[in-house]
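The following note reviews one model and is meant to be read beside the sequence and the structure. The points run from confidence, through overall make-up, to individual residues.

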Amino acid sequence: MTAITRSLAGLVCCSLAAGALTAAGVAALQPQTAAASSHREAPLISGQPQYDATDVYAFQSPDKSDTTTLVTNFLPFQDPAGGPNFYKFGTDARYDLHVDNDGDGQGDLLFRWTFEDHVKNGDTFLYNTGPVESLDDPDLNFTQSYDLEVIKLKNQRAVARAKLADDLPVAPSNVGKASMPDYKKLRDQAVQKIGYSGGSTSFAGQADDPFFADLRVFDLLYGGDMSEVGNDTLKGYNVQSLALQVPTKALTESDDQPVIGVWSTVHRRSAEGDWAQVSRLGNPLVNEVVLPRKDKDKFNASAPWDDGQFLKSVTEPELPKLIEQIYKIEAPDTPRDDLVQVFLTGVPKLNQPPHVRPSEMLRLNTSIKPAKDPKRLGVLDGDNAGFPNGRRPLDDVLDISLQAVEGELLGKKNDLGDAVDKNDQEFYGAFPFLALPSSGSDAKAVSKSAGSSLLEGGSGIGGSSEDTMVLAGSAASGGGAVLLVGLGLMWWRKSRRPARARRH
């Protein structure tokens, strides 16, 4: 089960708004809808992006090898310039990260984040009222904080719980260089030490989307022409990220059983106060390209220990048949026990726990130390510290999944891929490892900015002086039209008064 992801990310289009906006010469930038590696993977959650998990990562920390880093991301395809209401976590949600440390398909530990909004001045539309130098800067008008707790479970019942963090700050959206001249400073302030198991680290906030792929895959597998691949459709988009770095001993059952399973869920509160699970994610690509449409929403509301209901979609996957139909590459024989190991049980002698119950989650053998020279193809390239043994941000899960679904683990060697081999931004070498989010000022104008053109008589964005005259003329005529309408309305009201008086 595995492979491809996310539908075409929306192209940014620029158009003059109608009416008064046209008269003022205002341009609107807006990305169209898109889908990704568990971004918008099911019909219902695609309309609730705040609660939509995009990716889950679990890996041995390269900066602290005795710790494990867990990351889960939400709210896909954030346009960096998407103000004035920038991006945030839902305050009516529970964001949960589950850890199964004995292979029975049930969570043994649950980390839960809840969020609260804070607004300093409700009489302005601004996200920030001046340059922001720190997370407690009075010019940062909108902020979020979060509480974090850990719950110990037995047969899905809480047997103990502890508050790990209270009212910690969330890193804000990266509005732009004028608003946040040193965004890395703000991100660093959001990396907070917490007292779990002798010393852990937590982060919540915006980050560059670490997933990289050419998402034209859903256009009948790159339009039936693999020579057209190579465009990182996720470039420039951001996500909301939750990250924890925890001593490994706090996650595992014992030294003899070092394998953990990890997945995320989101529960949303209804108007009646009830909680309903609306999102679930473990391995990448499962809900997108393994499950049929009729099961996608069901999967998001289900639990790993009930995954037997989805087994046929794994053992008889649809994707190899599509590849055979379009590219004439023979599909491996079914049933696909190799894919069952990758996604439901773990691979024997790699990351399969004893007495495992088949269930979909990201499985990590924590006894395998971080690779000194990590390979983007992970286990397929001899790097057992990478996917499908957990998942690191640098792992090229789309290429790995394409090759696996075509039988790489069965001895059918192939080099299928989308020609996007790494993220557009370098990952950090220390927690939380994700790249800084793109900012609203990162987009480059072709020439002078529109503001420069209007204020200084410049040539406009890639335009000529004639374009400027047309734009200025449009603005003037728009303003003139408003003035004429206003004068006409005044005349009409005055002319109506005598007639009304005569009638009375």
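1. Over residues 445-504, how many contacts beyond four places in sequence does the model have? For this stretch the model has 30 such contacts, and pLDDT stays under 50 throughout. Here pLDDT is the predictor's confidence in each residue, from 0 to 100, and contact means heavy atoms within 4.5 Å. Residues 1-37 also keep a pLDDT under 50, with 119 contacts beyond four places in sequence. The chain averages a pLDDT of 82, and 78% of the residues score at least 70.

2. On the basis of the values: this is a predicted model, in which local features need pLDDT of at least 70 and side-chain atom pairs count only at pLDDT 80 or more, whereas totals for chains, interfaces and linings use all residues. Residues are numbered from 1 along each chain as its sequence is written, and side-chain values use heavy atoms, with hydrogens and water left out.

3. Overall make-up. The chain contains 11 helices and 14 strands; these are DSSP runs numbered from the N terminus (helices H or I, at least four residues; strands E, at least two). Of its 504 residues, 51% count as buried, that is, under 20% relative accessible area, with over 50% termed exposed and the range between termed partly exposed (1.4 Å probe, protein chains only). Among contacts with a separation of 6 or more, 65% join residues 24 or more positions apart. The exposed area of the chain is about 23,200 Å², of which carbon and sulfur atoms supply 53%; the areas come from the Shrake-Rupley method with a 1.4 Å probe, and for residues only the protein chains shown count as cover.

4. The nonpolar core. A nonpolar core is a set of buried Ala, Val, Leu, Ile, Met, Phe, Trp, Tyr and Cys residues joined through side-chain atoms within 4.5 Å. The largest one has 89 residues, and Tyr95, Phe111, Trp113, Phe115 and Leu148 touch the most other members. Leaving aside neighbours within four places in sequence, the contacts of Tyr95 include Phe74, Phe89, Phe111, Trp113, Phe115, Leu242 and Thr265.

5. Aromatic pairs. Rings of Phe, Tyr and Trp (its six-membered ring) pair if their centres lie within 6.5 Å; planes under 30 degrees apart count as stacked, over 60 as edge-to-face and the rest as tilted. By this rule the count is 11 aromatic pairs. Phe59 and Phe433 make an edge-to-face pair, 5.4 Å centre to centre with 75 degrees between the planes. Because Phe59 lies in strand β3 and Phe433 in the loop between α9 and α10, this pair ties together parts that are 374 residues apart in sequence. Phe59 is buried at a relative accessible area of 4%, and Phe433 is buried at 4%. The rings of Tyr95 and Phe115 are also edge-to-face, with centres 5.5 Å apart and planes at 90 degrees. This pair links β5, which holds Tyr95, to β6, which holds Phe115, 20 residues apart. Ring pairs further link Phe74, Phe89, Tyr95, Phe115 and Tyr146 into a cluster.

6. Thr265. Is this residue of strand β12 (residues 259-269) buried or exposed? Thr265 counts as buried, at 2% relative accessibility. Its side chain makes a polar contact of 2.8 Å with the side chain of His98. A polar contact is a pair of N or O atoms within 3.5 Å; within protein, one must be able to donate a hydrogen and the other to accept it, and residues adjacent in sequence count only if both atoms are side-chain atoms.

7. Helix α8. Seven of the nine residues of α8 (residues 337-345) are buried, so this helix is largely enclosed by the rest of the structure. Its cover includes α4, α6, β14 and α9. Just after α8, Gly346 takes a positive phi of about 85 degrees.

8. Backbone points to inspect. Most residues other than glycine have a negative phi, and most peptide bonds are trans. The bond from Thr334 to Pro335 is cis, with omega near 5 degrees, and Pro335 lies in the loop between α7 and α8. The bond from Phe387 to Pro388 is cis as well, with omega near 10 degrees. Phe77, in strand β4, has a positive phi near 55 degrees. Leu221, in helix α3, has a positive phi of about 55 degrees.
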